[in-house]
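This report describes the pockets found in one protein model and the residues that line them.

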Amino acid sequence: SMGVELVGDPNILFLDEPTSGLDSNAADKVMTAIEKVAKSGTSVICTIHQPSTRIFSRATHLLLLKRGGDVV
């Protein structure tokens, strides 16, 4: 479904748990693709629950929320 969204060359790409259900290798490949999209000038906003250290370290800007949606 990410590919379908990218065809339209959006300015902002919203992704809801793009690595959910993937093994660590597949999740790493998805994050590599997302990084390339971001580096091309598209803003990427995504939710990732319980990311691995490897995936967490790839984020350039973070907004951490606690239970109830409050900013940490």
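In this predicted model, the largest pocket has a volume of about 910 Å³. Its lining is made up of 23 residues. Those that lie nearest the centre of the largest pocket are C46, I48, A59, H61 and L62.

Three secondary-structure elements each supply at least two residues of this lining: helix 2 (24-39), strand 2 (43-47) and helix 3 (53-56). Helix 2 provides the largest share, with 5 residues. By residue class, the lining of the largest pocket comprises 16 nonpolar, 4 polar and 3 charged residues.

The second largest pocket encloses about 220 Å³ of space. It is lined by 16 residues, and T19, A27, P51, S52 and I55 are the closest to its centre. Helix 2 and helix 3 each supply at least two residues of the lining of the second largest pocket. Helix 2 gives the most to this lining, namely 3 residues. The lining of the second largest pocket divides into 5 nonpolar, 7 polar and 4 charged residues.

The composition of the two linings is set out below.

| Pocket | Nonpolar | Polar | Charged |
|---|---|---|---|
| Largest pocket | 16 residues | 4 residues | 3 residues |
| Second largest pocket | 5 residues | 7 residues | 4 residues |

Helix 2 thus appears in both descriptions: it gives 5 residues to the lining of the largest pocket and 3 residues to that of the second largest pocket. Helix 3 likewise supplies at least two residues to the lining of the largest pocket and at least two to that of the second largest pocket.

Terms used
Residues numbered from 1 in each chain as written. Predicted model: local features only at pLDDT ≥ 70, side-chain atom pairs only at ≥ 80, totals over all residues. Heavy atoms only, no water. 1 Å grid on protein atoms, 1.4 Å probe; cavity = no way out; pocket = protein on both sides within 12 Å on 5 of 7 lines; lining within 4 Å. Points joined across faces, edges and corners; volume = space filled by probe spheres on them. Helix = DSSP H or I, 4+ residues; strand = E, 2+ residues; numbered from the N terminus. Nonpolar A, V, L, I, M, F, W, Y, C, P; charged D, E, K, R; others polar.
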